[in-house]
Amino acid sequence: MIAALNNLSVLVADVGNAYLNAPCQEKIWFTAGKEFGSRAGTKIVLVRALYGLKTSGAAWRAHISGNMRELGFEPSNADPDIWMRAATKLDGFKYYEYILIYVDDILALGEHPEKVMISLSEIYQLKKDKKTGKTYAPPERYLGANIG
């Protein structure tokens, strides 16, 4: 509705292997298994968050939050997963660009949301759509809801 009322474009993307982008917030030691070949049995320190660890979600959230701030976005007071940045259209109309993040799903609203998606694709590997091969596109569905 915000996009329609302000004549903004909307794009969606999905971050591939999101948790693996985030560094571990604590030291986790384990013994390498046979799949490590000649290193089997050696002690290893985990440096990236893995799916299944209790702290991985928090590590990913902290990591992407830092990157959103570097891009000039601030979380809204109402919902910390809605990021905002003041912007001005070419005609001088002042508005806010919005980024909605739910774990690894990203929805961007703005006059040129592709600029934000390009910035994010320089930081993260965005998943390619199986049909189109694109890493971001106007939404048909978001979080299971038909919106296109």
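This passage walks through a predicted model, going from the strands to the main helix and then to the cores.

A handy place to start is β7, the strand that covers residues 105-110. Five of its six residues are buried, so β7 is largely enclosed by the rest of the structure. Strand β1 pairs with β7 in the antiparallel sense, and six bridges hold the match. Within that pairing, L11 has A108 of β7 as its bridge partner, while V12 stands opposite L107. Strand β6 also pairs with β7, again in the antiparallel sense, this time over five bridges. Here Y98 has L109 of β7 as its bridge partner. The link between β6 and β7 is a hairpin with two residues between the strands. In that turn, V103 takes a positive phi of about 55°.

β1 has a further partner in β8, which spans residues 136-137. These two run antiparallel and are joined by two bridges, with A13 standing opposite Y136 of β8. On the subject of strands in general, side chains in a regular strand alternate between the two faces of the sheet.

Just ahead of β1 comes L8, which sits in the loop between α1 (2-5) and β1 (9-14). Its relative accessibility is 11%, and because buried means under 20%, L8 counts as buried. Leaving out residues up to four places away in sequence, L8 touches I2, A3, K89, Y95, Y96, G110 and E111. In sequence L8 and A108 are 100 residues apart, yet their C-alpha atoms are 9.7 Å apart in space.

Next up is the helix α2, which runs over residues 56-70 and has 15 residues. From its first C-alpha to its last it reaches 21 Å, close to the 21 Å expected at 1.5 Å a residue. Its buried residues are S56, A59, W60, I64, S65, N67 and M68. As a general point, an α-helix has 3.6 residues a turn, so residues three or four places apart point the same way. The cover over the buried residues of α2 includes β2 (23-31), β5 (82-88), β6 (94-102), β7 and α3 (113-123). Just after the helix, G72 takes a positive phi of about 95°.

Searching the whole structure turns up four aromatic pairs. One of them is formed by W60 and Y124, and it is edge-to-face, with 5.2 Å from centre to centre and 70° between the planes. This pair links distant parts of the chain, with W60 in helix α2 and Y124 in the loop between α3 and β8, 64 residues apart. Both rings belong to buried residues: W60 has a relative accessible area of 2%, and Y124 has one of 3%.

W60 turns up again in the largest nonpolar core, which has 22 residues. Together with M68, I99 and I106, W60 touches the most other members of this core. At least two residues each come from β1, α2, β6, β7 and α3. The largest share, four residues, is supplied by α2. As for M68, not counting residues up to four places away in sequence, it touches F73, W83, I99, I101 and L120. There is also a second, separate core of eight residues, including A3, A87, Y98 and L109. Two of those names are familiar from the strands, with Y98 and L109 being bridge partners.

The last stop is E97, found in strand β6. E97 has a relative accessible area of 10%, so this residue is buried. What does the side chain of E97 make a polar contact with? The partner is the side chain of R85, at 2.7 Å. Aside from neighbours within four places in sequence, E97 is in contact with F73, W83, M84, R85, A87, L109 and G110. Several names on that list have come up before: F73 and W83 are also touched by M68, A87 and L109 are in the second core, and G110 is among the residues touched by L8.

Definitions and conventions. Residues are numbered from 1 along each chain as its sequence is written. This is a predicted model: local features need pLDDT of at least 70, side-chain atom pairs count only at pLDDT 80 or more; totals for chains, interfaces and linings use all residues. Side-chain values use heavy atoms; hydrogens and water are left out. Buried means under 20% relative accessible area, exposed over 50%, partly exposed in between (1.4 Å probe, protein chains only). Contact means heavy atoms within 4.5 Å. Two strands pair if DSSP finds at least two bridges between them. The expected span of a helix is 1.5 Å times one less than its number of residues. Rings of Phe, Tyr and Trp (its six-membered ring) pair if their centres lie within 6.5 Å; planes under 30 degrees apart count as stacked, over 60 as edge-to-face and the rest as tilted. A polar contact is a pair of N or O atoms within 3.5 Å; within protein, one must be able to donate a hydrogen and the other to accept it, and residues adjacent in sequence count only if both atoms are side-chain atoms. A nonpolar core is a set of buried Ala, Val, Leu, Ile, Met, Phe, Trp, Tyr and Cys residues joined through side-chain atoms within 4.5 Å.
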